[in-house]
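Let's take a walk through this structure together. Keep the 3D view open and turn it as you read.

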Amino acid sequence: ESKLMRLNSPQMNIIYKACIKASKSLIRDFGEIEKLQVSSKGPGDFVSVADKKTEKIIIEELLKAHPDYGILSEEVGVINENNKEKRWIIDPIDGTSNFLNGIPQFAISIGYEEKGEITCGIIFDPIKNEMFFAEKGAGAFLNNSRIRVSNQKKIKDSILVTGGPRFSSKRRSETFDEYIKISNRVNIPIRKYGSASLDIANVACGRFDGFWQWELNYWDVAAGIIILKEAGGFIEFLKNSSEKSSLKKNVVATNSKIHQELLDSLLKKNIE
């Protein structure tokens with residue numbers, strides 16, 4: 001916290017306060033989920049309440065600081081649509097299915113975007129009390145420590161992580177084909193943790209070497225963009241001709257050293 005408080009722009013302090021405030025109720029709700037699991041499987045309405053409640057706290061805090069800033073958030077959509085210059089990008093719970101099932105792998109993700117560029121962001125895992133944050137030009141941090149991406153140079157020795165596809169995805173079978181293709185190139189089995197923002201944060205701090213996933217939402221990755229860049233990694237959005245919405249992102253995020261090899265493995269049909 002001390003590092004965060006020293007480092008920061010007003011925007012970062014605002015995000016930080018919103019994160020901490022929202023996480024308190026989220027941690028409480030997570031404790032309840034674990035109790036609820038015993039009595040009933042899958043309290044769906046409960047999780048939507050938790051999502052909305054977390055989001056409401058975050059948005060209230062952000063609007064209190066800047067009533068005019070734009071907001072793009074998972075549950076409510078867009079607020080102050082006319083302000084395209086300055087806006088907050090929010091995912092109140094990234095990893096909802098994990099949260100719902102009492103699995104401690106989810107995060108609050110908030111990025112701040114100015115003129116189309118993310119300039120600072122936080123990904124906060126409230127259960128492990130891990131706060132990943134970065135500001136343009138100031139480096140990336142996990143709690144009080146500076147973080148950097150791994151040094152891994154070869155895909156075959158890399159720990160890779162992915163997610164999806166959703167049941168409704170049009171590229172479901174392609175995604176599975178890709179998964180097999182990449183699996184055949186790595187010694188260590190591919191991971192799937194169910195929270196894209198944390199996957200990217202974990203690439204940023206060197207736990208994973210690379211991450212890829214199709215059809216993510218912008219709010220899943222916004223804060224991760226600046227955190228990974230400031231940690232020395234690369235994040236790239238691949239074009240998908242069938243995809244209308246610019247909010248959907250096809251993401252490849254790496255330590256930079258394996259970036260080209262991962263891209264080639266994904267994009268070329270048959271690589272020897």
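Before we set off, keep in mind that what you're looking at is a predicted model. The chain has 272 residues, and buried ones make up 53% of them. On the outside, about 12,700 Å² is exposed, with carbon and sulfur atoms supplying 52% of that area. In terms of secondary structure, you'll find eight helices and 13 strands. If you count the contacts with a separation of 6 or more, 64% of them link residues 24 or more positions apart in the sequence.

Let's start with the sheets. Strands of a sheet pair through backbone hydrogen bonds, and they can do that either parallel or antiparallel. One open sheet here is built from eight strands, in the order E2-E1-E3-E4-E5-E6-E7-E8, and its pairing is mixed. At its edges sit E2 (77-79) and E8 (145-146), each with a pairing partner on one side only.

Zoom in on E1, residues 70-73, and you can see that mix up close. E1 runs parallel to E3 (residues 86-94), joined to it by four bridges, whereas E1 and E2 run antiparallel, with three bridges between them. E1 and E2 also make a hairpin, with three residues separating the two strands. Ile-71 is a handy landmark: it stands opposite Trp-88 in E3 and opposite Ile-79 in E2. A little further along, Ser-73 has Ile-90 of E3 as its bridge partner. What about the two faces of E1, are they covered or open? Both are covered: Gly-70 and Leu-72 are buried on one side, and Ile-71 and Ser-73 are buried on the other.

Stay with this sheet and find Tyr-112, which lies in E4 (residues 107-114). Its relative accessibility is 1%; since anything under 20% counts as buried, Tyr-112 is buried. Who are its neighbours? Leaving out residues up to four places away in sequence, Tyr-112 touches a group that includes Gln-11, Ile-15, Tyr-69, Trp-88 and Cys-120. Ile-15 is a nice one to look for: it is 97 residues from Tyr-112 in sequence, yet their C-alpha atoms are 8.3 Å apart in space.

Now move over to the other open sheet, where five strands line up as E10-E9-E11-E13-E12, again with mixed pairing. Here the edge strands are E10 (191-192) and E12 (234-238), each pairing on one side only. E9 (residues 160-162) pairs with E11 in the parallel sense through three bridges, and Leu-160 has Gly-210 in E11 as its bridge partner.

Two helices deserve a stop, H6 and H7. H6 is largely enclosed by the rest of the structure, because nine of its nine residues are buried. Among them are Leu-198, Ile-200 and Val-203, but also Asp-199 and Asn-202. After H6 comes Gly-206, which has a positive phi, near 85 degrees.

H7 covers residues 218-230, and you can check its length with simple arithmetic. At 1.5 Å a residue, its 13 residues should span 18 Å, and its end C-alpha atoms are 19 Å apart, which agrees. H7 isn't perfectly straight, though: it bends by about 30 degrees at Gly-224. It is mostly covered, with 12 of its 13 residues buried, including Trp-219, Asp-220 and Glu-230. Just after the helix, Gly-232 has a positive phi of about 95 degrees.

What does H7 pack into? Look at the largest nonpolar core, which has 35 residues; Ile-123, Phe-132, Ile-147, Phe-211, Tyr-218, Ile-227 and Leu-228 touch the most other members. E5, E6, E7, H6, E11, H7 and E13 each supply at least two residues of this core. H7 gives the largest share, nine residues. To see how this works for one side chain, pick Leu-228: beyond residues up to four places away in sequence, its contacts include Ile-200, Val-203 and Ala-204, as well as Phe-234, Ile-235 and Ala-253. There's also a second, separate core, made of 32 residues, with Ala-18, Phe-99, Phe-106 and Ile-108 among them.

Terms used:
Residues are numbered from 1 along each chain as its sequence is written. This is a predicted model: local features need pLDDT of at least 70, side-chain atom pairs count only at pLDDT 80 or more; totals for chains, interfaces and linings use all residues. Side-chain values use heavy atoms; hydrogens and water are left out. The expected span of a helix is 1.5 Å times one less than its number of residues. The bend at a residue is the angle between axes fitted to the seven residues ending there and the seven starting there. Buried means under 20% relative accessible area, exposed over 50%, partly exposed in between (1.4 Å probe, protein chains only). Contact means heavy atoms within 4.5 Å. Accessible areas come from the Shrake-Rupley method with a 1.4 Å probe; for residues, only the protein chains shown count as cover. A nonpolar core is a set of buried Ala, Val, Leu, Ile, Met, Phe, Trp, Tyr and Cys residues joined through side-chain atoms within 4.5 Å. Two strands pair if DSSP finds at least two bridges between them.
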